[in-house]
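Hi everyone, thanks for making time this morning. I'd like to walk you through one model, from the outside in, so let's put it on the screen.

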Amino acid sequence: MFFKKQDTGADWLVVGLGNPGQQYDNTRHNVGFDAIDYLADRWGCSVTKAKFEGLYGQAVVDGKKVFLLKPQTYMNLSGRSIQALADFAVR
């Protein structure tokens with residue numbers, strides 16, 4: 001899920017959806033988390049800061065400020081986590 005808003009604190013918010021808990025590791029339920037881990041590795045950042053009901057990290061990609069987020073709520077409640085990050089990062 002990608003969000004873009006002009007003239008903000010962040011240029012991009014990239015959110016990977018999944019479910020918390022070891023029982024979901026390496027399952028189809030967490031492919032969004034896997035995508036975030038891939039991007040974080042590629043962009044040289046970590047997604048380990050706990051805030052916004054999730055784990056997040058920040059990278060600069062082609063001069064653009066990018067926030068990566070893995071909500072730690074169950075998927076049907078991920079909007080709370082996304083909204084919290086958006087309220088912080090998109091000003």
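**A cluster of rings**

Let me start with four residues: Phe 52, Tyr 56, Phe 67 and Phe 88 are linked into a cluster by ring pairs. Before you get attached to them, please keep in mind that this is a predicted model.

A search of the whole structure turns up five aromatic pairs, and I'll show you two. Take Phe 52 and Tyr 56: their ring centres are 5.0 Å apart and their planes meet at 65°, so the pair is edge-to-face. Both Phe 52 and Tyr 56 are buried.

Now the other pair, Phe 67 and Phe 88. With centres 6.2 Å apart and planes at 80°, this pair is edge-to-face. It links distant parts of the chain, since Phe 67 belongs to strand E5 and Phe 88 to helix H2, 21 residues apart.

Is each of these two rings buried or partly exposed? Phe 67 has 3% relative accessibility, so it counts as buried. Phe 88, at 31%, counts as partly exposed. Phe 88 also has a charged companion: the charged end of Lys 51 sits over its ring, 5.0 Å from the centre. You can find a similar arrangement at Phe 33, where the charged end of Lys 70 sits over the ring, 5.8 Å from its centre.

**Into the core**

In soluble globular proteins, nonpolar side chains tend to be buried together. So what does that look like here? The largest nonpolar core has eleven residues, including Phe 52, Tyr 56 and Phe 67 from our cluster, along with Leu 13, Val 15, Leu 69, Ile 82 and Leu 85. Strand E2 (12–15), strand E5 (64–71) and helix H2 (78–89) each give at least two residues to this core. Which element supplies the largest share? That would be H2, with four residues. There is also a second, separate core of ten residues, and Val 14, Ile 36, Val 61 and Val 66 are among them.

**A stop at Ser 78**

Let's look at one more spot in H2. Ser 78 lies in this helix, and with a relative accessible area of 8% Ser 78 is buried. What does Ser 78 touch, once we leave aside its neighbours within four places in sequence? The contacts are Leu 17, Pro 71 and Thr 73.

Leu 17 is worth finding on the screen. You'll see Leu 17 in the loop between E2 and helix H1 (31–43), and at 24% relative accessibility it counts as partly exposed. The C-alpha atoms of Leu 17 and His 29 are separated by 8.2 Å, although the two residues are twelve apart along the chain.

**Stepping back**

Finally, the whole chain. There are two helices and five strands, and reading along the sequence you get β-β-α-β-β-β-α. For 91 residues, a compact globule would have a radius of gyration near 12 Å, and the chain's 12 Å agrees with that. Along the principal axes, the C-alpha atoms fill a box of roughly 40 × 25 × 20 Å.

Of the 91 residues, 40% count as buried. The chain exposes about 5500 Å², with 51% of that supplied by carbon and sulfur atoms. And among contacts with a separation of 6 or more, 46% are between residues 24 or more positions apart.

That's my tour. Thanks for listening, and I'm happy to go back to any view.

How values were computed. Residues are numbered from 1 along each chain as its sequence is written. This is a predicted model: local features need pLDDT of at least 70, side-chain atom pairs count only at pLDDT 80 or more; totals for chains, interfaces and linings use all residues. Side-chain values use heavy atoms; hydrogens and water are left out. A nonpolar core is a set of buried Ala, Val, Leu, Ile, Met, Phe, Trp, Tyr and Cys residues joined through side-chain atoms within 4.5 Å. Buried means under 20% relative accessible area, exposed over 50%, partly exposed in between (1.4 Å probe, protein chains only). Rings of Phe, Tyr and Trp (its six-membered ring) pair if their centres lie within 6.5 Å; planes under 30 degrees apart count as stacked, over 60 as edge-to-face and the rest as tilted. A charge sits over a ring if NZ of Lys or CZ of Arg is within 6 Å of the ring centre and within 35 degrees of the ring normal. Contact means heavy atoms within 4.5 Å. The radius of gyration is taken over C-alpha atoms; the globule rule is 2.2 Å times the number of residues to the power 0.38. Accessible areas come from the Shrake-Rupley method with a 1.4 Å probe; for residues, only the protein chains shown count as cover.
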